[in-house]
Amino acid sequence: MHEPPVKPIEWCGDEVKIIDQRRLPGEEHILSLRTTGEFEEAIKTLAVRGAPLIGIAAAMGVAVASRRLVSSTWAEFETSLRESIQVLHGTRPTASNLFWALKRMEKILEDTTHDESPEACSRALVKEALGIYEEDLEMGIKIGKAGAGLIRDGFSILTHCNAGGLATSGFGTALAPVYWAFNKGVQLKVYADETRPLLQGARLTAWELARAGIDVTVICDSAAHIMLSRAKIDLVLVGADRITLSGDFANKIGTRGVAMSAHAAGVPFYVAAPSSTIDFDLEKGAQIPIEERDALEVTHVGGVRITPPGVAAYNPAFDVTPAEYVSGFITEKGLINPPYLENLASIRSDDPQMH
Ligand code: MRU
């Protein structure tokens, strides 16, 4: 499997093209992003989303901004790019990949001395952003291979939210093993939790799997529990927005309940993520900042109000699943089993990019 099932982002030099994920599955609309404000808006409103893809988009946003500044003085170039980095930093608080990617871009800016021209620095920034994109493609392939062995013929797999090609450079994290096994001829079926309130499972996971010819069935979030307890699911695969050293991790709201039900039913629950999702500075899940989004996402569906006027709604976008419910992590370095404190930390020690 060399070609990704979907291409959610494309570097085009002075602009970046993305599939506008707000409009899927109704419309495959391509959006061009040029200014930092456009990147900010696209990330905040989930036109571009999913932890790895947010990181890639932010890195490309800095690189595009640098292209426009090549004839500026060094001082203007540096000040303006630092502002762009700060703006993108403030778009979404939970996914590690955003901060990891922006840190890499900031390092390039710092390592380029004032003696070099903005042009040379911009070239280095573009190279770094494209490197982050290419590395993510590689990671997707490796996660696919590492996780495919968990899927046996006839398996029903449950997933939550969208951790597929659309959430990454193209191969996905939780769905990468599914694509890999499917391409090897393994018979499988995927159940996609609809994922209230923004329906990433119903809209996005179902869209990309059906497009690839994979048998997918959408279920209400609350149906996951009876399916797990009645032995209708063989394996749960989800992605992550931030993994702490203890193995506690944040993912889309509702993930924790699925993990607890899987644990109670004795169904293996695996988390697939590249090492850029691991926050080596955090030990416990309680330390992860949880994004709280607009109540309108809960009170309205497709622009139509579903709650009585004046009634409040609360909308945390992520939850934290304790490590005790995780059977293992599927990373580009292979399967990581407990004890997580030791085994997740060892990923860092053998990777210079992680320091
Ligand atoms: O709010 P979203 O749609 O960006 O949330 C995405 C998720 O929670 C994904 O499961 C996670 O980012 C992993 S994506 C490979």
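This dialogue walks through the cavities, a pocket and a helix pair of a predicted model.

Trainee: Let's start with enclosed space. How many cavities of 30 Å³ or more are there?

Mentor: A cavity is a space where the probe fits but cannot get out. Here the count is 3. The largest cavity holds about 180 Å³, and 18 residues line it, with R49, G50, A51, N162 and D241 closest to its centre.

Trainee: Which domains contribute to that lining?

Mentor: Domain 1 (9-141) and domain 2 (146-354) each give at least three residues. Among the elements, α2 (51-68) and β9 (249-252) each supply at least two. By class, the lining has 7 nonpolar, 7 polar and 4 charged residues.

Trainee: And what lines the second largest cavity?

Mentor: That one has about 50 Å³ of space. Its lining includes P52, W100 and D136, and α2, α4 and α5 each supply at least two residues.

Trainee: How do α4 and α5 pack?

Mentor: For helix pairs, look at the angle and the axis separation. Helix α4 (residues 96-111) and helix α5 (residues 118-148) pack at about 155 degrees, with axes 9 Å apart. That angle makes α4 roughly antiparallel to α5, since angles over 145 degrees count as such. The crossing of α4 past α5 is right-handed.

Trainee: Now an open site: where does the second largest pocket lie?

Mentor: Both domain 1 (9-141) and domain 2 (146-354) give residues to its lining, so the pocket lies between them. The space in this pocket is about 430 Å³. Of its 15 lining residues, P197, L198, R203, E297 and G302 lie nearest the centre. The lining has 6 nonpolar, 4 polar and 5 charged residues.

How values were computed:
Residues are numbered from 1 along each chain as its sequence is written. This is a predicted model: local features need pLDDT of at least 70, side-chain atom pairs count only at pLDDT 80 or more; totals for chains, interfaces and linings use all residues. Side-chain values use heavy atoms; hydrogens and water are left out. On a 1 Å grid over the protein atoms alone, a cavity is a set of points where a 1.4 Å probe fits but cannot get out, and a pocket is an open set with protein on both sides within 12 Å along at least five of seven lines; lining residues have an atom within 4 Å of a point. Grid points are joined across faces, edges and corners, and a volume is the space filled by probe spheres set on the points. Ala, Val, Leu, Ile, Met, Phe, Trp, Tyr, Cys and Pro count as nonpolar, Asp, Glu, Lys and Arg as charged, and the others, Gly among them, as polar. Domain bounds come from an automatic or database domain assignment. Axes are lines fitted to C-alpha atoms, for helices over the stretch in contact, and angles run from 0 to 180 degrees between N-to-C directions. Helices (H or I, at least four residues) and strands (E, at least two) are DSSP runs, numbered from the N terminus. Angles under 35 degrees count as roughly parallel, over 145 as roughly antiparallel, 65 to 115 as roughly perpendicular and the rest as oblique. A crossing is left-handed if the near helix is turned anticlockwise from the far one by less than a right angle, and right-handed if clockwise.
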